[in-house]
Amino acid sequence: MIKVHGRRHATLLLMGASLVSLCAGTAAFAQDAAPSSLQSDTAAADDIIVTGTRASLSKALDIKRETIGVVDSIAAEDIGKFPDQNVAESLQRITGVSIDRSGGEGRFITVRGFGPEFNTVLLNGRLLATENSGREFSFDILPSEVLSAAEVYKSATAEQQDGGIGSTVMLRTARPLDNPGFHFSGSAAAKFDSTRDKAAPVISGIVSNTNADETFGVLASFNYDKRISRFSNVNTSGWITGQNLDFDKDGTVDLADVALPRTYNTTVERNTRERITGTIGFDWIVSDKLKLQLDGLYTQLKVDSWSNQLGFYTDPGDIIDATANENGTVTHFVRSAGGGLASDNIVFDSPRDAKTYQIGLNARYTPGDRTTIDFDISHSRAKEGYTSVFYVVGEKNAGVNPTFDLNPGSLPTITNILPTDDPSRAVLHCCSERGSKVSDDITSLRIDGKQEFDTVLKSIRFGAVGTRRKKDITSLLTPDPLGCFYCGYFASADPGLFTTFNDGGVLGGAPMSWLTYDPVKLAQYYGNPSAVSQKGDQTAEDAFNAVYAANGYSMRPTYDPRGSGSVREYTAAAYLQAELGGDLGDHPWNAVVGARYVYTNTLARGNSVQLLNITQNPGDHTAGVATFSPPVPVSEKHNYSYVLPSATFRVNWTDKLVTRAAFSRTLTRPTLSNLTLSKSYDFRPPQSNTISSGNPGLKPYLAWNADIAADYFIGKTSYVSVAGFYKWVDNFISQVTTTETYFGFDFNVTRPENTRKSKVYGFEVAAQYTFDKLPAPFDGFGVLANYTKVKSSTSFDPSIASGIFSVEGLSDSANAVLFYEKGPVQLRGAYNWRDKFLARARGLNGEPENVDSYGQYDLSGSFKFTENFAVFGEVVNLTNKHRRTFSRYDERLIQLDDTGRRVSVGVRATF
């Protein structure tokens, strides 16, 4: 137990970890720490501690009534009680919010069709750094238990942090002076994945205390969450299009302009995730004019992931028969008996080690009853560094005709192959070890002021903010020629290196077995003279031995200047905003009108290299060897500025009916990974050579936004709401591809460019009702549901060639929740659905990547058997729904994932 000593101990602060929820996803939390004109300034000085679902929902509707703009939020009483692994999975209950999952857990959010780079994420009003190479914030680094509230602002005002065309997400931690006295809540649970037979612990606690006169308080929270999983999938690594197949090699095309799977893989991943998070907060009322708040957050997410994969790489030149459907999708093909197809036994890992911290100090000075000045300084840093391996050992299929069948609606199959678990046939192939180091540093200084009046002009708000952000990306790669020295399956491997891996049957398919090995021992064998000498090229062998020795007799990755670089960004903003109010007849009205000036200055640094030569690998005609010039440091500067006006109106037509309208101009800066000067090269002769680069000269996305909303409040905990939105977005960024020729080889050269305009529009409908008037025990029931419809003027059309602009991430979404809360019993069933959507217009192999529709059921329940103790249980992904991605057409499978269901049981204590 964590203890904090003070002068007086009093009542309970209810914020435990893994609390089981019956609460709805529209609860809100009003916090005085970061005042906003979007919220009422008439909140009571002494907050009531919300301990039940209905009290929380009632508070949410009070906030919704008083809010001028369009906002939806969840309070701690709801978030802690959801069956959610992290904040993203809590936010998906909010109208208009959907999520992207990684390993079955929510990682990124999309709001009204706008993906993670379009949503600004703030913690206690401050920008949070991210370990990703862009601006996208990974919500899976945060457990929901450390927060007191999460608010999603869908309409903009001048005082809001700029950058979010989709939304501004405000995450708030609890404040000790909001609940005076001593409070503690903690929980311990065991988590089980249906894919593994091991339990993992989840432990959480929060403690706070204040002094006797309630002028100083401290709050600390801790969360440890471990998950042990086994994921599996089948995938094709995308599709290669425009293929012309000559079955008998007579120079005549037998099947023209068709699409083939790049490969076909079966993968089993053993995954262990550990998340450690802690927060601390201090409140100090120095005097009646000065209040100080200090906040700190630290979180680490570490993922150990090892995968065994059986792969079959497609070589169009080796196909001797094939059939295709009306979309040009090859659904069946036969390979030659010459051994051109190898069964690839692949071992790789996908680690993560993300560390994020933030510290911030806020000082509120109140020189008079009507004047408030806030000063805030903060620093946030995120970093991630890892090295990973990817090795391939093959078994050639000579003397048989391997046959691929797509089997639309089922799983693809590869038949007529030799046994895949014969170590005597193992031959070396590739590949390498690689790594990345990403750091993101954000320092921000902000000042805000407010002057109140007793006229139609209720208040004037003004302020300025300056931010320095720097993203550093260091790429690591096994030095040439080590990575592809053995490409071509020419070198026999020591059979003693291998054992048999059994997949147990992936996605209901027949069980298979193939070879596995220790990558460290395999890398050591790479340097064995008996392996190297099989190359039969003394010059190549000498070059390999020299680099291998210089690299410490290993395949370890070293600094790669081509993929390394940084982006430094200075931003400054100033705003002026007026809040007005009065009566339109008998109907009260309020308005917020203002403008924000923003300035951005960027400096991108990287390394320039020239491609000096390319040769095909003599042992593998699908691999190329490139020669580059020494790197030369380069840099590029850009800047821009804009004025962002906004106006928001609210009218209370009756005590129950409220309407709102909002108009604004917003911007989203290009994601930082698109602003780099780094370049990546992929050599896959003769048709799949690619070069990808960034573009420091990109302009920001700009949008004019219109929102309207109407809410009808049926009672304290029941309402219906409808909202519509329309966005005119300019400067959309697309990955533009051109064809360039180097040394006789054609390359698809891709670079982000500002290309098109588009309109994004839609509506939201939400309803919430508690059956309080039913006779007991049925008066404990409640229900909520919401639905969001999103459309664009530039929708994806699969019949149009690649490179045509489409808005990514747009999809309809819906939630339905049925809950029961009566006495010590809480029960909840939730369903979340997202329609299929275009994830990337230009994805693997330059083709579109779509995500199929996905619906997930979650259940939770708890029983409070004493005043201080409760037991709880939760099930996430009850029906074990699988995530599926596909390319241009539905039958062109990219990947089908099985991440299993998660079950947790535990006990919670409050004292």
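The paragraphs below walk through a set of paired strands and then through the disulfides of this predicted model.

A convenient place to begin is strand β15, which covers residues 319-324 and runs antiparallel to strand β16, residues 330-335, the two being joined by five bridges. Together β15 and β16 make a hairpin in which five residues lie between the strands, and within that turn G328 adopts a positive phi of about 80°. Within this pairing, D321 is found opposite V334 of β16. Strand β16 also pairs with β20, residues 403-405, again in the antiparallel sense, through three bridges. V334 can serve as a guide from one pairing to the other, since it stands opposite D321 and also opposite T403 in β20. In a regular strand, side chains point alternately to the two faces of the sheet.

The cysteines form the second topic. A disulfide is a covalent bond that links the sulfur atoms of two cysteines. The chain has two disulfides, and, when the bonded cysteines are counted along the chain, their connectivity follows the pattern 1-2, 3-4. One of them is formed by C430 and C431, whose sulfur atoms lie 1.8 Å apart, and both C430 and C431 are buried.

The other joins C484 to C487, with an S to S distance of 1.8 Å. The torsion about the S-S bond of C484 and C487 is about -110°, and the disulfide is therefore left-handed. As for exposure, C484 has a relative accessible area of 23% and so counts as partly exposed, whereas C487, with a relative accessible area of 3%, is buried because this value is under 20%.

Key:
Residues are numbered from 1 along each chain as its sequence is written. This is a predicted model: local features need pLDDT of at least 70, side-chain atom pairs count only at pLDDT 80 or more; totals for chains, interfaces and linings use all residues. Side-chain values use heavy atoms; hydrogens and water are left out. Two strands pair if DSSP finds at least two bridges between them. Helices (H or I, at least four residues) and strands (E, at least two) are DSSP runs, numbered from the N terminus. A disulfide is a pair of cysteine sulfur atoms within 2.5 Å. Buried means under 20% relative accessible area, exposed over 50%, partly exposed in between (1.4 Å probe, protein chains only).
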